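Here is a friendly walk through one protein chain, written for someone who would rather be at the bench. Please keep the sequence and the model open beside the text as you read.

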Amino acid sequence: MHYQEGVFVGYRYYDTKKMPVRWAFGHGLSYTTFAIGNLRVDRAEMGDDDVITASVDVTNTGDREGKEVVQLYVADRTGTTGRPAKELKGFAKVDLAPGETKTVTFPVDRRALCYFEERLGDWYAASGTYALLVGDASDNIAAEKEISFATKVEIPMHVTGATTIGQLLSNPKTAAIVQQMMAKASPFGGESSTKKDEPDAGMGAGADEMNKAMMMYMPLKALIAFGVLTPDSLAQLVATLNGALEQN
């Protein structure tokens, strides 16, 4: 049996796929009702060693005593691919008399934002925006607050045929090698490749800019189809680029 779902198990799958379910994760029944709100944080920005304290008020809005389980989820808003829509990171059960309000607090550290990054062999969170979501079930979020995170941890780069030109140009250790290749490669380097009898001829410099923009997202292996590389030269280029990355 090959388990290919990864972290998309249970509510992580249904919430990410936006699939309604009869009883969502965290759902519970009570003889009273509750209101969750006024989510606040003691700081809006954090780094690798910082801890944010998130506080939220819970009120028993019914006429009976009851207990509510308040749940804290974190949603990655950095654009990192392969992450669930949200992940449970904390919960607390509070006992409330009718009309009573209590404040629940959750510590949020770097680990609460992380996923396991195989290239590091460790937990990692990208710099950017994260949302703290509080509710009583995964499909019933009552309050939300965004925070900003900045990390000093860098993921080591390893070049494969799937590595894009843009990624290589953004790394100072590989940029010069790629720029040299691009300068020699038609139609991406040197003078414009747009000919007068081609449909894009009227676009002039615009066509050149479009080609350059497309190539930023193009993986190295795609250059074989353009005749820029052969399978052998691609393997040699990948080895050269990885060798450059290993140099101090």
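## A walk through the model

With a relative accessibility of 74%, Lys 18 counts as exposed, where exposed means over 50% relative accessible area, buried means under 20%, and partly exposed lies in between (1.4 Å probe, protein chains only). This is a predicted model, in which local features need pLDDT of at least 70, side-chain atom pairs count only at pLDDT 80 or more, and totals for chains, interfaces and linings use all residues. Residues are numbered from 1 along each chain as its sequence is written, and side-chain values use heavy atoms, with hydrogens and water left out.

Lys 18 sits in the loop between helix H1 (11-16) and S1. Its backbone deserves a look too: Lys 18 has a positive phi of about 55° although it is not a glycine. Most residues other than glycine have a negative phi. Asn 38, a residue other than glycine, also has a positive phi, near 55°. Asn 38 is placed in strand S1 and is partly exposed, with a relative accessible area of 49%.

### The chain as a whole

The chain has six helices and ten strands; helices (H or I, at least four residues) and strands (E, at least two) are DSSP runs, numbered from the N terminus. Of its 248 residues, 35% count as buried. Contact means heavy atoms within 4.5 Å. Among contacts between residues at least 6 apart in sequence, 65% join residues at least 24 apart.

### The five-stranded sheet

What is the strand order in the open sheet of five strands? It is S2-S10-S9-S4-S5, with mixed pairing; two strands pair if DSSP finds at least two bridges between them. Strand S2 (45-46) and strand S5 (87-96) stand at the edges, each with a single partner strand, so one side of each has no neighbour in the sheet.

The table lists the pairings of this sheet, with one bridge partner pair for each.

| Strands | Bridges | Direction | One partner pair |
|---|---|---|---|
| S2 and S10 (residues 140-149) | two bridges | parallel | Met 46 and Phe 149 |
| S9 and S10 | nine bridges | antiparallel | Val 134 and Ala 143 |
| S4 and S9 (residues 128-137) | six bridges | antiparallel | Val 74 and Leu 132 |
| S4 and S5 | nine bridges | antiparallel | Leu 72 and Gly 90 |

S9 and S10 form a hairpin, with two residues between them. Is strand S4 (residues 66-76) mostly covered or mostly uncovered? Nine of the eleven residues of S4 are buried, so-called mostly covered.

Follow the chain into the loop between S4 and S5 and you will meet Thr 80. At 25% relative accessibility, Thr 80 counts as partly exposed. Leaving aside residues up to four places away in sequence, Thr 80 touches Tyr 115 and Ala 126. Thr 80 and Ala 126 are 46 residues apart in sequence, while their C-alpha atoms are 7.5 Å apart in space.

### The three-stranded sheet

There is also an open sheet of three strands, in the order S1-S3-S6, with antiparallel pairing. Its edge strands are S1 (34-41) and S6 (101-109), each of which pairs on one side only. From one strand to the next, the twist averages 25°. Strand S3 (residues 51-60) is joined to S6 by nine bridges, and the two run antiparallel. Within S6, Pro 107 stands opposite Thr 53.

### Two helices side by side

How do helix H4 (residues 172-184) and helix H6 (residues 231-246) pack? They meet at an angle of about 150°, with their axes 8 Å apart. Axes here are lines fitted to C-alpha atoms, for helices over the stretch in contact, and angles run from 0 to 180 degrees between N-to-C directions. H4 and H6 are therefore roughly antiparallel to each other, a label for angles over 145 degrees, whereas those under 35 count as roughly parallel, 65 to 115 as roughly perpendicular and the rest as oblique.The contact is made by Lys 173, Thr 174, Ile 177, Val 178 and Met 181 of H4 together with Leu 237, Thr 240, Leu 241, Ala 244 and Leu 245 of H6. These residues divide into seven nonpolar, two polar and one charged. Here Ala, Val, Leu, Ile, Met, Phe, Trp, Tyr, Cys and Pro count as nonpolar, Asp, Glu, Lys and Arg as charged, and the others, Gly among them, as polar.
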